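I opened this notebook to record, entry by entry, what I looked up in the structure. The entries begin with enclosed space and then turn to the core, the helices and a loop.

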Amino acid sequence: MNEKSAPASSFLGKAGPLVLARLFTAGLTLSIPLVLARVLSLEDYGTYYQLFLIATTLYYVLPFGVVQSLYYFVPRTEEKRPWLGQALLFTSGAGLVGAALVWGLLGFVADRFGNPGLLPYRGTLAAYTAFLIGSFPLEISLTSQGRTKQSALVYLVSDAVRAAVMVVPCLLGAGLYGMMMAVAGFAFLRYVATWVVVPRGASGPLVRAKLWREQLVYAAPFGAAMALAIPQQNAHLYMVAGAVTPALYALYRVGCFQLPVVDLLYTPTSEVLMVRLGELDKQGRPEEGVLAFREAAGKLAFVFLPFAAFLFAAAPEFIGALFGAKFLPAVPIFRVSVLGVVLAILPMDGVLRARGHTRAIFISYLLKAVVTVPLVWLGVRHFGMMGGVVSWALAEVVGKCSLLVRVPAALSTPEHPLRVRDVIPWGELGKASLAALAAGVGVFLLRAGTEHAWLGLPEGFLWRVLPLALAGLLFLAGYVGVLYATGVRPLSVLASLRARRAG
């Protein structure tokens, strides 16, 4: 049976290749900054981050939600080509706009960042931005047509090639300039492949004016949200880039480094929760939604709290092992950025979307944007890089709190009104916090007792990892031991999370 004729019951099986592909590509993406940190100077490493900060900001803002609209329109129509063609033409135009912005404003940005080293990359960055935005529809167009295996294959090939062209030139001594030439060529080939693959096999004209208006109207709210959210999320990165040297900016970006573990667990848990809430509503049991929310949040707490506690406690070992000793000054910044893991425990946006409270999500973005600007300006101006990451953390707390106060209303029924304290899994949070705190104290004691023992270790990655591995084993033993003492069975928690990930 081909993919198009597969029964509805095969949906979860069809999602499997995409899950595996994204897991693999997450590992590839993670490896890029780790390799570049070792082969580039601090100045070039900071310049690399500034170049891609500009490109990724434009990449997420300029498509304006038109590509994501394919998930809605393509499965609902027999004539797919207009929707695909309109997305292709729009992102091609958006790519040209992105290239023009890079070409025209890079001099201004370089001056604001105090980094004239950006200017030699004006042409390659403009080309990379144009072709990358233009190729945005590639994987999404395949997924929206139910061609998940092909989409997974494209994810694997594209991300593998991208990782190669980013690290191989640097490993061969071509430096940052060689890497930018390579990624611009990669983006061009990806753009050509997009125009070959996306319209293939679809029927109808490339554009229909009536359908184009409908597609743009549908995409506009999401595009507006991204135009608000992405600059807000990156505001501290831009402000710090304009206040410090490229070498110090490299330290800041390492301090803000995030492992993809949160997204790999939070996203599927939130999606499964949305499905469960829909089922309860259909069955006439909406009052049980709060139980589903508390269960999901409780399971995430048992993973995210220890993960954050370990990264906080073992920050020197973690940064030293992954990036090298020259990045150890980033440890205080990294410890603040770990707060983002803790804030991901409550899957609030999934609840609000499932119950139709999407306006609260937009208000959260707006509130964070309003709060971020003065916080980042004051924080960086008076406290430097630490002020930048603290201002980001405070804005995230404000945004999460604005969502939390709306969750009780989304989960309440006329017969069962709820308050904030009713939706939080206090028992799971308490047990996970106690176990994580005890295990974290053990790591601090280990460092205090073995601080001088690591000084004589030979050079090499495996020797750098040894302190991190020992800290991890000690933390895991302490965390699991305290959980067992409080009556929690960690294996049952992991089993439920594996089930959510598969879903």
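**Entry 1. Cavities.** I first fixed the term: a cavity is a set of grid points where a 1.4 Å probe fits but cannot get out. The model I examined is a predicted one. Under this rule I recorded two cavities of 30 Å³ or more. For the largest cavity I noted a volume of about 50 Å³.

I then asked which residues line the largest cavity. The lining consists of F257, Q258, L259, F307, L311, F318, F334, V338 and V341. Sorted by class, I found eight nonpolar residues, one polar residue and no charged residues in this lining.

**Entry 2. The nonpolar core.** I looked up the largest nonpolar core and found that 140 residues belong to it. The residues with the most contacts inside this core are Y45, Y48, M179, F304 and F323. Helix α12, residues 289-313, gives the core its largest share, 16 residues. As background, I noted that nonpolar side chains in soluble globular proteins tend to be buried together.

I followed F323 further. Setting aside neighbours within four places in sequence, I listed its contacts as P33, L34, A37, R38, Y45, V254 and F257. Y45 in that list is also one of the residues with the most contacts inside the core. F257 in that list is also among the residues lining the largest cavity.

**Entry 3. G298 in helix α12.** I located G298 in helix α12. Is G298 buried or exposed? Its relative accessibility is 3%, and because the limit for buried is under 20%, G298 counts as buried. Not counting residues up to four places away in sequence, G298 touches P425 and E428. I also took its C-alpha separation from L394: the two residues are 96 apart in sequence and 24 Å apart in space.

**Entry 4. Helix α17.** I examined two residues of helix α17, which covers residues 358-404. T372 lies in this helix and is buried, with a relative accessible area of 4%. Which residue's side chain forms a polar contact with the side chain of T372? It is Q232, at 3.0 Å. Beyond its neighbours within four places in sequence, T372 is in contact with Q232, A235 and A395.

E396 is also placed in helix α17. I recorded E396 as buried, at a relative accessible area of 13%. Apart from neighbours within four places in sequence, E396 is in contact with Q232, L343 and K368. Q232 therefore appears in the contact lists of both T372 and E396, where contact means heavy atoms within 4.5 Å.

**Entry 5. Helix α6.** I asked how many of the eight residues of helix α6, residues 137-144, are buried. The count is eight of the eight, so the helix is largely enclosed by the rest of the structure. I listed them as P137, L138, E139, I140, S141, L142, T143 and S144. After α6 comes G146, with a positive phi near 80°.

**Entry 6. P221 in helix α9.** I found P221 in helix α9, residues 209-241. With a relative accessibility of 54%, P221 counts as exposed. P221 and I424 are separated by 203 residues in sequence and by 30 Å in space, C-alpha to C-alpha.

**Entry 7. The loop between α2 and α3.** I turned to the loop between α2 (42-61) and α3 (70-73), where F64 is found. F64 has a positive phi of about 60°, although it is not a glycine. I set against this the general rule that most residues other than glycine have a negative phi. F64 is partly exposed, its relative accessible area being 28%.

L62 is found in the loop between α2 and α3 as well. Leaving out neighbours within four places in sequence, I listed the contacts of L62 as F90, A94, V97, G98 and I133. L62 and G223 are 161 residues apart in sequence, yet their C-alpha atoms are 8.1 Å apart in space.

How values were computed:
Residues are numbered from 1 along each chain as its sequence is written. This is a predicted model: local features need pLDDT of at least 70, side-chain atom pairs count only at pLDDT 80 or more; totals for chains, interfaces and linings use all residues. Side-chain values use heavy atoms; hydrogens and water are left out. A nonpolar core is a set of buried Ala, Val, Leu, Ile, Met, Phe, Trp, Tyr and Cys residues joined through side-chain atoms within 4.5 Å. Buried means under 20% relative accessible area, exposed over 50%, partly exposed in between (1.4 Å probe, protein chains only). Helices (H or I, at least four residues) and strands (E, at least two) are DSSP runs, numbered from the N terminus. A polar contact is a pair of N or O atoms within 3.5 Å; within protein, one must be able to donate a hydrogen and the other to accept it, and residues adjacent in sequence count only if both atoms are side-chain atoms. On a 1 Å grid over the protein atoms alone, a cavity is a set of points where a 1.4 Å probe fits but cannot get out, and a pocket is an open set with protein on both sides within 12 Å along at least five of seven lines; lining residues have an atom within 4 Å of a point. Grid points are joined across faces, edges and corners, and a volume is the space filled by probe spheres set on the points. Ala, Val, Leu, Ile, Met, Phe, Trp, Tyr, Cys and Pro count as nonpolar, Asp, Glu, Lys and Arg as charged, and the others, Gly among them, as polar.
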